[in-house]
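Trainee: I would like a close look at one part of this protein, the surroundings of the ligand. Which residues are closest to the ligand, and which elements give two or more residues to its shell? Please take your time, and follow the neighbouring parts of the chain as well.

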Amino acid sequence: MSKIIDLVQLPVLVILMILSATAASPPPDPVNCSASGDGTAAVCTISNAVGAFPDGSTTCRTAAVVYPSSEEELLHAVANATAAKTKMKVTTRYSHSLPPLACPGGGDGQGLAISTRRLNRVVAVDAARMEMTVESGITLRELIAEAASAGLALPYAPYWWGLTVGGMLGTGAHGSSLWCKGSALHEYVVGMRLITPAPATDGYAKVRVLTSADPEMDAAKVSLGVLGVIYQVTLALEPLFKRSITFTERDDDDLPEQMTKFGYQHEFADVAWYPGHGPAVYRIDDRLPMNASGEGVFDFVGFRATSTLLLGASRLAEEQSERLGSGKCMASWAAHAALSTTGYGLTPRSGWPFTGYPVVGPQHQMQASGGCLTSPEDALRTACPWDPRVRGSSLYHQTAFTLPVSRARAFIQDVQRLRDLNPKSLCGVELYDGILMRYVKSSTAHLGKPAMSAESADDMVDFDMTYYRSRDPRRARLHEDVMEEIEQMGTWPSSTAGSRTGGRIGTWPSSAQRASTREYPSSCVSRRPTTRMASSPAAGVTRCSTLVAVRRPRTEPGARYKECVCAHKTPTAHRSRATSAGLARSIRMPGSAPKKTSPST
Ligand SMILES: Cc1cc2nc3c(=O)[nH]c(=O)nc-3n(C[C@H](O)[C@H](O)[C@H](O)COP(=O)(O)OP(=O)(O)OC[C@H]3O[C@@H](n4cnc5c(N)ncnc54)[C@H](O)[C@@H]3O)c2cc1C
């Protein structure tokens, strides 16, 4: 009986969440300082937007936090820390990176956090040159709004308002486009003022002024925050324009083929794939002139303020599904139906309901959103769905990896084969908007997406997957083996470029191992697996060199699967990231060597 209630409860809760509140408690500051027990010194901690790092720890300790509000104060802070040989790192208003990228040193309480919370002004707008100079702590929301009020638009950007310019450059954040120079913010940086440590003869800190003509810019514009503190950034903008968005859904039979073409057909194309049930939602999204009619707004449902009671109940239901091993497929089906009925948050005007496609509106109202950031404080009656102050808020893993467009087809086909063996195993990722596939271009930035040699592969697809994570770091999740199989299929080829902001830390094959394996290892579920993972009620997944036979059991989710012949491979070595150029080494902040990061967002 309780099982039946759970199966009904979860989808109902998901729908209620979608229809939920319009006010919100804005997210907390990730930095907290309190007096130490003996009153001698402050103890400061830094966390991230979800309140937990991938290893399960919740905070990183620092000796102090400073909040400079001008270039002079910033210079002073960097000089003092350099003179004292103190490790330092920049922290931002909301800290959205899941790994502890903003943690100085090992988080042992000795380092200095430099917050950009007060460095959030627009410095200059040059309408004639279509350039805007901002301080690095400005959020995407503020940047977009300020540009629009000057009749300008940032053409491509991530979808979530809460990121800062410094954080987006630190992590190479992007939206979706193969047009122009692609969808990453750093491609539109034309100038930068950077404060870096310096020898005593230079006063321990100096201001470096970079333009796009300087070779150093390729190191500075994606730096994981280890090459100094970005104070100011100048961005190349465009005249404000409108966009027309239609979400259209179709079965995923031709998805592998479509992904190789769709990004060339529409400027802001992306695809959200719900691999358990099969549909792929294509975003047909193109530019229109400003005189096109329409004042549409895209206020994405998943970024809106949500009742904290519903958040808690929904999390409870998801945990129950984890225990029972069922319920997620029904929930994801219902959630997706509700999302698609409400146009995913597209409305013809602010405050209006969705009335149908296409929705046309100005770029600044369509390119990104974050309703839960902006509403007034309401004592935690509502919040962003992942707000760590909410007992039972959503806690999730995020993984992202990038493949050349030409290889995306084979990867999607392999995931389809894996899915066909047990469609239920992929319902969990559907609860978090499915596998989001966005287009990005390769970059000259040393830590950007690298160009692929030996093939024309400047154009890439970035795969983002978000899914349930237990608050107990030792507890495996339902069908963990399947998700990890997909992640390894996506990240084994030497040509993949991981994002650096997500939550997965894994083991990856050495280059020698990669060289000896085929481009994508086939995957299969065996009835007699060599390694059964306790986490999964389904059969264990093994990595296979030969896939003998697979039937498509999509209409029979509980069906038995055909045997396949597997040669088990054990990836052992960590994948290493390319490091920056010599210049990068010369201006690295003391003690802030880049951490080995996950191939994820
Ligand atoms: C809800 C949500 C939605 C997201 N959507 C997208 C998306 O659409 N596309 C995408 O690509 N990613 C997305 N991400 C991931 C996101 O891009 C990164 O987490 C993000 O760029 C972090 O920005 P932040 O301002 O929070 O920076 P933080 O996470 O605080 O910092 C990131 C890194 O940058 C460094 N840094 C920050 N400011 C400076 C500075 N001034 N000088 C030097 N170093 C600095 C920090 O030290 C740190 O190393 C999303 C994440 C979340 C939680």
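Mentor: Happy to, and one definition will help throughout: a residue is buried if 20 or more other C-beta atoms, placed from the backbone, lie within 10 Å of its own, exposed if 12 or fewer do, and partly exposed in between. What you see is a predicted model, in which local features need pLDDT of at least 70 and side-chain atom pairs count only at pLDDT 80 or more, while totals for chains, interfaces and linings use all residues. Residues are numbered from 1 along each chain as its sequence is written.

Now to the ligand. It is surrounded by 31 residues, the closest being S97, G166, G167, G170 and G225 (a residue belongs here if its C-beta atom lies within 6 Å of the molecule). Three elements supply two or more residues each: β5 (88–91), α4 (165–171) and β12 (229–236). These names are DSSP runs numbered from the N terminus, with at least four residues for a helix (H or I) and at least two for a strand (E). The top contributor is α4, which gives five residues to the shell.

By chemistry, the shell splits into 14 nonpolar residues, 16 polar and one charged. Here Ala, Val, Leu, Ile, Met, Phe, Trp, Tyr, Cys and Pro are nonpolar, Asp, Glu, Lys and Arg are charged, and the others, Gly among them, are polar. Domain 1 (25–115) and domain 2 (122–240) each provide at least three of the shell residues; those bounds come from an automatic or database assignment.

Let's follow β5 first. In a regular strand, side chains alternate between the two faces of the sheet. In β5, M88 and V90 point to one side and K89 and T91 to the other, yet all of them are buried. Strand β5 runs parallel to β6 (residues 112–115), with four bridges between them; two strands pair if DSSP finds at least two. Within that ladder, K89 sits opposite A113, and T91 has S115 as its bridge partner. Together with β4, the two strands make an open parallel sheet in the order β4-β6-β5. β4 (64–66) and β5 are the edges with one partner strand each, so one side of each has no neighbour in the sheet. From one strand to the next, the twist averages 30°, taken between axes fitted to C-alpha atoms, on a scale of 0 to 180 degrees between N-to-C directions.

Next comes α4 and the chain after it. The loop between α4 and β10 (189–197) holds K181, and C180 lies in it too. C180 has a positive phi, near 55°, although it is not a glycine. C180 counts as partly exposed because it has 13 C-beta neighbours inside 10 Å; K181 is also partly exposed, because its count is 15. Beyond its neighbours within four places in sequence, K181 contacts E187 and K441, a contact being two C-beta atoms within 7 Å. K181 and S442 are 261 residues apart along the chain, while their C-alpha atoms are 8.8 Å apart.

A second long-range approach involves T171: its C-alpha lies 8.7 Å from that of L447, across 276 residues of sequence. L447 belongs to the loop between β23 and β24, and L447 counts as buried because 27 C-beta neighbours fall inside 10 Å.

The strands on either side of that loop are worth a look. β23 (residues 435–441) and β24 (residues 459–468) run antiparallel and share six bridges, one of which pairs V440 with M460. Both belong to an open antiparallel sheet of seven strands, ordered β20-β14-β16-β15-β23-β24-β22. Its edges are β20 (359–362) and β22 (396–404), each pairing on one side only. Neighbouring strands here are turned by 25° on average, direction ignored. Between α13 (427–430) and β23 sits D433, another non-glycine residue with positive phi, near 70°; D433 is buried because it has 22 C-beta neighbours inside 10 Å.

Finally, some context: the protein has 16 helices and 26 strands. Of its 601 residues, 52% are buried.
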